Amino acid sequence: MRSTISRINATALRIVMLVAFALSVIFTVWMLLAHNHMHHVLHIVHVTLITLTFLLIALYLMKSAEIASLAAYRELRRRLAVDRSVALIEYLPEEAPIFNACAGALAKSGIYVKSPAALKTLSALKTVAADGNSPEREGYEITKQTLWRMGVELSDDTEGAPISIVLGELDPGCDIVITQNKITQLLKAVYISRLYVACLKFTRLFLSGAALAAAILLAFGMITYAAAAITLWSATVVLTVKRIERRTTRMTFAQMYGN
């Protein structure tokens with residue numbers, strides 16, 4: 001589904017959506033003014049066009065969410081020509097919008113994330129360790145204290161860690177790399193990983209509710225309303241991407257451990 005949406009041209013989709021909406025309005029007015037023998041046929045066309053319009057809006061919203069979620073990716077690619085320190089963007093995967101938004105926010109701080117699975121694993125860790133870390137590092141104590149307030153213990157032992165977290169130069173083979181070589185950036189990684197999982201759960205829960213509502217509405221023959229339920233879910237994805245953008249801008253220590 002995601003790769004299909006990626007291939008869709010946003011401008012073409014907008015045009016098709018507007019055409020479908022215009023036709024639905026025309027046929028609705030025609031249906032209201034038509035004589036009895038035409039009314040039934042026009043009603044079927046009216047329902048079909050309205051349903052199609054809602055589905056196109058849902059698809060357009062998903063495309064919009066994808067475009068919005070890649071804002072950080074686009075910014076880093078523009079900077080790449082003059083700033084090689086953001087070369088990690090060439091290795092960052094493009095996935096579903098919520099992951100893109102979170103991975104992009106991390107990338108802007110020089111943090112590379114290999115996959116959605118890496119973010120999920122990090123969000124659930126009670127003990128976190130990073131290769132290259134030591135108590136002598138600047139920011140070690142504040143990082144340790146803040147992580148503790150977030151319910152996470154900072155360890156210096158990376159052996160047996162469920163994911164590989166590295167401080168230093170980019171290594172695409174590692175799960176998470178903090179390329180700015182600052183231990184305090186580990187706080188952002190933990191915070192945004194938790195935000196990612198929370199947003200993922202929210203959208204999946206909303207999708208389940210929308211799918212259930214659509215199924216019930218279809219059972220009662222309310223096809224148009226079923227399509228509207230799917231459109232509503234698509235809108236929540238767009239709003240969630242915007243929420244991630246807001247919550248990952250100018251983060252504070254209090255915000256991190258208050259999450």
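**Exercise 1. Lysine 108 and its partner**

Determine whether lysine 108 is buried, partly exposed or exposed, and identify the side chain that it meets in a salt bridge.

*Solution.* Step 1. The relative accessible area of lysine 108 is 42%. Buried means under 20% and exposed means over 50%, with partly exposed in between, so lysine 108 is partly exposed. The model examined here is a predicted one.

Step 2. The side chain of lysine 108 meets that of glutamate 75 in a salt bridge, with an N to O distance of 3.4 Å. This pair links distant parts of the chain, since glutamate 75 belongs to helix α4 and lysine 108 to helix α5 (residues 97–108), 33 residues apart.

Step 3. Glutamate 75 has a relative accessible area of 27% and is therefore partly exposed.

**Exercise 2. A salt bridge within helix α4**

Explain how arginine 79 and glutamate 75 are placed relative to one another in helix α4, and state which network includes them.

*Solution.* Step 1. Arginine 79 and glutamate 75 form a salt bridge in which the closest N and O atoms are 3.7 Å apart. The cut-off for such a bridge is 4 Å.

Step 2. Both residues lie in helix α4 (residues 71–80); because they are four residues apart there, about one helical turn separates them.

Step 3. With a relative accessibility of 30%, arginine 79 counts as partly exposed.

Step 4. A network of salt bridges links Glu75, Arg79, Asp83 and Lys108. In total, six salt bridges are counted in the model.

**Exercise 3. A bridge from a loop to a helix**

Find the salt-bridge partner of glutamate 94 and describe where each member of the pair is located.

*Solution.* Step 1. Glutamate 94 forms a salt bridge with arginine 77, and their closest N and O atoms are 3.3 Å apart. Distant parts of the chain are linked by this pair: glutamate 94 is in the loop between α4 and α5, arginine 77 is in helix α4, and their positions lie 17 residues apart in the numbering.

Step 2. Glutamate 94 has a relative accessible area of 33%, so it is partly exposed. Arginine 77, at 36% relative accessibility, is also counted as partly exposed.

**Exercise 4. Patches on the surface**

Name the residues that form the nonpolar surface patch and those that form the negative surface patch.

*Solution.* Step 1. The nonpolar patch consists of Leu212, Ile216, Phe220, Met222 and Tyr225, which together have about 570 Å² of accessible area.

Step 2. Methionine 222, one of these residues, is located in the loop between α8 and α9. Its relative accessible area is 34%, so methionine 222 is partly exposed.

Step 3. The negative patch is formed by Glu136, Asp156, Asp157 and Glu159. Aspartate 157 is situated in the loop between β3 (153–155) and β4 (165–167).

**Exercise 5. Buried residues and their contacts**

For threonine 240, serine 69 and leucine 147, establish the relative accessible area and a relation to another residue.

*Solution.* Step 1. Threonine 240 is part of helix α9 (residues 223–247). The relative accessible area of threonine 240 is 3%, so this residue is buried. A polar atom of the side chain of threonine 240 lies 2.7 Å from the backbone oxygen of threonine 236.

Step 2. Serine 69 belongs to helix α3 (residues 36–69). At 2% relative accessibility, serine 69 is counted as buried. The side chain of serine 69 is joined to that of asparagine 100 by a polar contact of 3.5 Å.

Step 3. Leucine 147 is found in helix α7 (residues 140–149). With a relative accessible area of 0%, leucine 147 is buried. Leucine 147 and threonine 184 are 37 residues apart in sequence, while their C-alpha atoms are 9.8 Å apart in space.

**Exercise 6. The phi angle of asparagine 181**

State what is notable about the phi of asparagine 181 and where this residue is found.

*Solution.* Step 1. Most residues other than glycine have a negative phi.

Step 2. Asparagine 181 has a phi near 60 degrees, which is a positive value in a residue other than glycine.

Step 3. Asparagine 181 lies in the loop between β5 (176–178) and α8. Its relative accessible area is 35%, so asparagine 181 is partly exposed.

How values were computed
Residues numbered from 1 in each chain as written. Predicted model: local features only at pLDDT ≥ 70, side-chain atom pairs only at ≥ 80, totals over all residues. Heavy atoms only, no water. Patch = residues over 30% accessible without salt bridge, like charges linked within 9 Å, V, L, I, M, F, W, Y side chains within 5 Å. Areas by Shrake-Rupley, 256 points an atom, 1.4 Å probe, with all protein chains shown as cover. Lys, Arg positive; Asp, Glu negative; His and termini not counted. Charge placed at Lys NZ, Arg CZ, Asp CG, Glu CD. Helix = DSSP H or I, 4+ residues; strand = E, 2+ residues; numbered from the N terminus. Buried < 20%, exposed > 50% of the residue type's maximum accessible area, 1.4 Å probe, protein only. Polar contact = N/O pair within 3.5 Å; in protein donor to acceptor, adjacent residues only side chain to side chain.
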